[in-house]
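User: I should like to go through the reasoning behind the descriptors assigned to this model. Please take each term in turn and justify it.

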Amino acid sequence: MTNADLPASDGDDDLFFLEEPEDAASPAETGNRWKMLIVDDEPEVHSITKLVLSDFAYKGRPAQILSAHSAAEARAILARESDIAMILLDVVMETEDAGLTLVHHIREELKNRHVRIILRTGQPGQAPERAVILDYDINDYKAKTQLTAQQLFTTTVAALRSYEDIMAIEANRRGLEKIIEASSSLFRARSMKLFAAGVLTQLSGLLGVGPDAILCVQRRPILGGQSGGQSGGQSDGLYVLAGSGRFEALINESATEHVDPGVMGAVVACLESRDHHYAADHCTLYIRTPNNRENVVYLRSDRPLSDLDRALIEVFCGKISVGFDNLHLYEQLHRAQQGTLAVLADLAENRPAPAEDTATGNGASDGGASDGDSRVARTLRIATVAERVARQLHAERRFPTEIDESFLAIIGLAAVLHDVGNAAVDPAILGKTGPLTAAERAAMQRHTVAGGALLDRASRLTDGHTHLHLGAEVARRHHENWDGTGYPDGLAGPAIPVGGRIVAVADAYDAMTRERPYRAALEHEGAVAEIRRQSGTRFDPVVVEAFLAVASELPAG
């Protein structure tokens with residue numbers, strides 16, 4: 001097609017089209033361009049179309065025009081360019097139906113339903129309009145003689161407006177899918193720390209921004225004083241619950257003391273207004289739970305968030321707000337259950353521990369603590385050590401079939417119950433301060449069998465694998481030795497269940513670091529050295545390795 005082929009236009013039709021709309025921004029002020037593909041075997045068509053669209057802009061975005069002179073060339077471009085908004089497509093090129101075949105390729109093989117396809121032909125009789133509209137997924141049909149500059153402008157704007165609406169719907173659909181996937185994933189979390197970290201990760205993915213400057217701030221401490229050196233008793237304090245990028249090292253720290261003033265100002269303003277705030281390079285999100293717990297997420301972004309971004313954020317925040325309450329209640333219930341079990345385990349012992357302790361070569365390590373030490377605190381301390389060692393093993397991908405999220409959730413409770421079998425031992429033996437006779441020692445060792453049997457019976461009242469099932473295993477096996485010299489069954493090596501191996505180390509560490517009537521408590525370093533020395537004989541070397549990795553974090557007697 002040549003210039004002579006274009007129909008005469010009325011008045012200033014061409015001049016009108018070439019004028020830039022008053023509200024259009026210059027290319028320097030625009031973001032990405034509208035990608036348009038011209039597919040035609042006539043070079044003049046490409047030249048004229050580019051000339052007519054040279055100053056085109058819609059919503060401040062200019063056009064980026066790509067050219068293909070055959071259907072084969074167009075296929076190559078479409079394979080590498082996934083964000084083409086509009087195609088001006090000729091029908092007859094290398095074959096009489098090359099254009100129509102390309103439409104089928106785009107819609108059926110590439111599964112691209114978004115791009116707007118405008119079929120234009122110089123030979124309408126070879127591709128009748130009604131048949132093409134019915135049989136092919138195209139969006140407009142034009143004879144080349146119809147496309148004056150003004151009509152091309154109108155057709156292009158209509159196509160881009162349709163493409164924009166379709167992409168907004170698609171982005172909204174993908175965003176809602178992500179929210180549904182994120183919610184189901186987040187609600188499987190068993191700890192507030194993991195849940196909060198997941199919130200940050202999901203928000204980052206939802207908005208397509210990098211994780212380097214995302215900070216989650218919690219108005220009231222949820223961790224109940226276990227937040228790494230904080231007392232946790234200040235209800236109006238701000239502290240970092242989860243963070244990434246430059247904020248990652250601040251987790252569990254006071255936000256007021258450690259977060260830079262600019263970020264803190266945005267967080268405080270969000271809390272005071274109790275509403276989301278959006279700025280050019282960041283946003284602060286206010287999440288209020290049904291139980292009136294207040295959370296703020298500070299999210300750094302390298303671009304202003306769109307209306308769709310904001311709508312998705314609000315849906316996401318509303319959907320996960322209940323998760324904070326659920327996790328708080330779950331953790332409180334877990335602690336209450338842990339405390340109750342610790343008290344029951346303490347009652348089972350009846351009186352202080354015997355004078356002998358196998359952890360240091362003197363007999364049993366199964367009784368209560370000294371008069372100056374709380375037996376309940378001692379039991380909870382063993383649970384803490386067992387949990388941290390188990391998490392380290394999980395992080396190192398050790399025993400992947402045994403140690404999963406379910407195991408991590410119940411190993412602490414199972415460890416609490418490790419000595420419950422002492423209820424079946426004569427209190428006189430448990431409280432004896434002198435050496436045990438052979439008969440007394442045999443009676444004392446039967447606490448493993450009694451505890452395992454007791455918890456096994458209790459576990460049959462529950463469905464699934466609970467702390468009672470694992471507790472039965474731990475109670476019976478925590479005195480088995482890696483080299484086979486332990487009791488009650490003389491198991492050795494991998495035959496000893498992993499839970500029993502973990503609690504064996506935790507129990508021994510606790511026993512070594514507590515004061516006894518017949519010896520002083522070992523210092524932390526001495527107990528760690530002793531456990532290292534017994535690696536491969538009494539203890540599983542892999543478990544000892546994990547213990548040593550977390551030893552600096554462990555509570556001593």
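The exchange below concerns a predicted model and the grounds for the terms applied to it.

User: What makes helix 16 largely enclosed by the rest of the structure?

Analyst: A residue is buried when its relative accessible area is under 20%. Eight of the 11 residues of helix 16, which spans residues 467-477, are buried, so the helix is largely enclosed by the rest of the structure.

User: Which residues of helix 16 are buried?

Analyst: They are His 467, Leu 468, Leu 470, Gly 471, Ala 472, Val 474, Ala 475 and Arg 477. Across the protein chain, 48% of the 557 residues count as buried.

User: How many cavities are there of 30 Å³ or more, and what volume has the largest?

Analyst: A cavity requires points where a 1.4 Å probe fits but cannot get out. By this rule there are two cavities of 30 Å³ or more, and the largest has a volume of about 40 Å³.

User: Why are four residues of the lining of the largest cavity called charged?

Analyst: Asp, Glu, Lys and Arg count as charged. The lining consists of Glu 480, Asn 481, Trp 482, Ile 496, Arg 501, Ala 504, Arg 538, Phe 539 and Asp 540. Set against that rule, Glu 480, Arg 501, Arg 538 and Asp 540 are therefore the charged residues. The lining also holds four nonpolar residues and one polar residue.

User: What share of the contacts between residues at least 6 apart in sequence joins residues at least 24 apart?

Analyst: The share is 65% in the protein chain, where a contact means heavy atoms within 4.5 Å.

Technical notes. Residues numbered from 1 in each chain as written. Predicted model: local features only at pLDDT ≥ 70, side-chain atom pairs only at ≥ 80, totals over all residues. Heavy atoms only, no water. Buried < 20%, exposed > 50% of the residue type's maximum accessible area, 1.4 Å probe, protein only. Helix = DSSP H or I, 4+ residues; strand = E, 2+ residues; numbered from the N terminus. 1 Å grid on protein atoms, 1.4 Å probe; cavity = no way out; pocket = protein on both sides within 12 Å on 5 of 7 lines; lining within 4 Å. Points joined across faces, edges and corners; volume = space filled by probe spheres on them.
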